[in-house]
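The following exercises concern the arrangement of protein chains and DNA strands in one model. Each task is followed by a solution in steps.

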There are 2 protein chains.
Amino acid sequence: MSGGVEWALHCCTLLSRASQPVPAVKLAEYHDVSPSYLAKQLQLMSRAGLVRSTQGNAGGYVLTRDAAAITVLDVVEAIDGVLPAFRCTEVRQRGPLATPAEQCADPCAIAKVMDSADRAWRDSLRAVTIADLVADADRQILPGAVERARAWLAS
Amino acid sequence: MSGGVEWALHCCTLLSRASQPVPAVKLAEYHDVSPSYLAKQLQLMSRAGLVRSTQGNAGGYVLTRDAAAITVLDVVEAIDGVLPAFRCTEVRQRGPLATPAEQCADPCAIAKVMDSADRAWRDSLRAVTIADLVADADRQILPGAVERARAWLAS
DNA sequence: AGCACTCGGATATATCTTATCCAAGTAGCT
DNA sequence: AGCTACTTGGATAAGATATATCCGAGTGCT
């Protein structure tokens, strides 16, 4: 999995707290990561429709919908794409004892197992929203930290 | 996921049918894949203890235990390794408003979600054995195909 | 109209996967 | 016992993907 997924998720949690657009440079500085590379992740999220960008002065990124309506899977698929990790190359149809194509209407047993596992993985990621992440984080951080973050974003 | 996983799984199903050692070249020819690259996958499975190799004349690879005792996860981990796809870099401990380290004893919310999804994925793969794959394949192939495969392996 | 600030796509670098080769080792045959 | 043929094992190139970066296009404010 791409390492940018972690950054993107952190950005979403931060954006859900800000009510004003946050520029990419500020998001990078807050998390202490490469600004030019984070820009790429934000671009991917913009294309996926998770965030909306406004250019010009006082511009930046805003979530397009409520944090409770954005799942972790949405972010993962925006960054890493929607294609499953396993791709069946139909090995059974190759070689000297190849299975004839008309016998291969159903996916082979290996593909079925991989698809099933991929579905379980995605279901697990779909069950958690950005709002859930924020709620969990609020339970752990020190009191006043949220206010400090909001103030830092506004500065 | 590495493409070699598919080859490795196909090799396991074929090895479970053969009662004699099968050399890597024969496995590659049967599946019509690169012999030199397949050798690498077999090497990884050998290191993981899934197959045992015998050198010299009439040598080759044999499964070390019954097909019902080898799960799909065993093969996937032998080829792709046991490390989870997501690795938390503790972003929360970086930046101007970094969370102090003593507050970070528990993994962050993002890491928890990813670990949970990874566990669901692995559980799904662990639930299926090579024997299950063979049984599923037997249901789909034409009658007599198994005997032809055994004969080809012996030739 | 000009200016300062922001995003977006095109462009280098690094790392991992894929693919290949040759040397080490083993079993059976002479 | 030595030899030969066969097989695996690790070390080595080529290609693909992920990572990191830069500069031009666009937008709102003065």
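**Exercise 1: The surface around DNA strand D**

Of the atoms of DNA strand D within 4 Å of the protein, 70% are sugar or phosphate atoms, and the remainder belong to bases. The model from which this value is computed is a predicted one.

Task. Determine which residues come nearest to DNA strand D, and how the surface near this strand divides by class.

Solution.

Step 1. There are 20 residues around DNA strand D, and those that come nearest are A:S2, A:S34, A:S36, B:Q43 and B:S53.

Step 2. Two of these residues can be followed to individual atoms. B:Q43 places a polar side-chain atom 2.9 Å from a base nitrogen of DNA strand D. B:S53 has a polar side-chain atom 2.9 Å from a phosphate oxygen of the strand.

Step 3. The backbone also takes part: an N or O atom of the B:G56 backbone lies 3.4 Å from a sugar or linking oxygen of DNA strand D.

Step 4. At the level of elements, at least two residues of this surface are supplied by each of α3 of chain A, α3 of chain B and β2 (60-63) of chain B.

Step 5. By class, the surface near DNA strand D comprises 14 polar, 4 nonpolar and 2 charged residues.

**Exercise 2: The surface around DNA strand C**

Task. Identify the residues with polar atoms at phosphate oxygens of DNA strand C, and state which elements give two or more residues to the surface near the strand.

Solution.

Step 1. Among the 20 residues around DNA strand C, the nearest are A:Q43, A:S53, B:S2, B:S34 and B:S36.

Step 2. Of the atoms of DNA strand C within 4 Å of the protein, 65% belong to sugar or phosphate, and bases account for the rest.

Step 3. The side chain of A:S53 has an N or O atom 2.8 Å from a phosphate oxygen of DNA strand C. In chain B, a polar side-chain atom of B:S34 is 2.8 Å from a phosphate oxygen of DNA strand C. A:A24 contributes through a polar backbone atom, 3.1 Å from a phosphate oxygen of the strand.

Step 4. The elements giving two or more residues to the surface near DNA strand C are α3 (35-47) and β2 (60-63) of chain A, and α3 (35-48) of chain B.

Step 5. This surface contains 14 polar, 4 nonpolar and 2 charged residues.

**Exercise 3: The relation between the chains**

Task. Establish what rotation and shift superpose chain B on chain A.

Solution.

Step 1. Chain B superposes on chain A after a rotation of 180 degrees with 0.0 Å of shift along the axis, at an RMSD of 0.0 Å.

Step 2. This is the relation of a two-fold axis.

Step 3. Within chain B, the residue closest to the rotation axis is B:W121, at 2.5 Å (C-alpha).

Step 4. Both copies use the same surface, since 100% of the contact residues of chain B recur in chain A.

**Exercise 4: Two helices of chain B**

Task. Classify the crossing of α1(B) and α2(B), and name the residues that make the contact.

Solution.

Step 1. The axes of helix α1 (residues 4-17) and helix α2 (residues 24-31) of chain B come within 11 Å and cross at roughly 110 degrees.

Step 2. Angles of 65 to 115 degrees count as roughly perpendicular, and α1(B) and α2(B) are therefore roughly perpendicular to each other.

Step 3. B:H10, B:C11, B:L14 and B:L15 of α1(B) make the contact with B:L27, B:Y30 and B:H31 of α2(B).

Step 4. The residues of this contact comprise 5 nonpolar, 2 polar and no charged.

Terms used
Residues are numbered from 1 along each chain as its sequence is written. Chains are lettered from A and ligands numbered from 1 in the order in which they are written. This is a predicted model: local features need pLDDT of at least 70, side-chain atom pairs count only at pLDDT 80 or more; totals for chains, interfaces and linings use all residues. Side-chain values use heavy atoms; hydrogens and water are left out. A residue is near a molecule or strand if one of its heavy atoms lies within 4 Å of it. A polar contact is a pair of N or O atoms within 3.5 Å; within protein, one must be able to donate a hydrogen and the other to accept it, and residues adjacent in sequence count only if both atoms are side-chain atoms. Helices (H or I, at least four residues) and strands (E, at least two) are DSSP runs, numbered from the N terminus. Ala, Val, Leu, Ile, Met, Phe, Trp, Tyr, Cys and Pro count as nonpolar, Asp, Glu, Lys and Arg as charged, and the others, Gly among them, as polar. Copies are superposed by least squares on the C-alpha atoms of residues with pLDDT of at least 70 in both. Contact means heavy atoms within 4.5 Å. Axes are lines fitted to C-alpha atoms, for helices over the stretch in contact, and angles run from 0 to 180 degrees between N-to-C directions. Angles under 35 degrees count as roughly parallel, over 145 as roughly antiparallel, 65 to 115 as roughly perpendicular and the rest as oblique.
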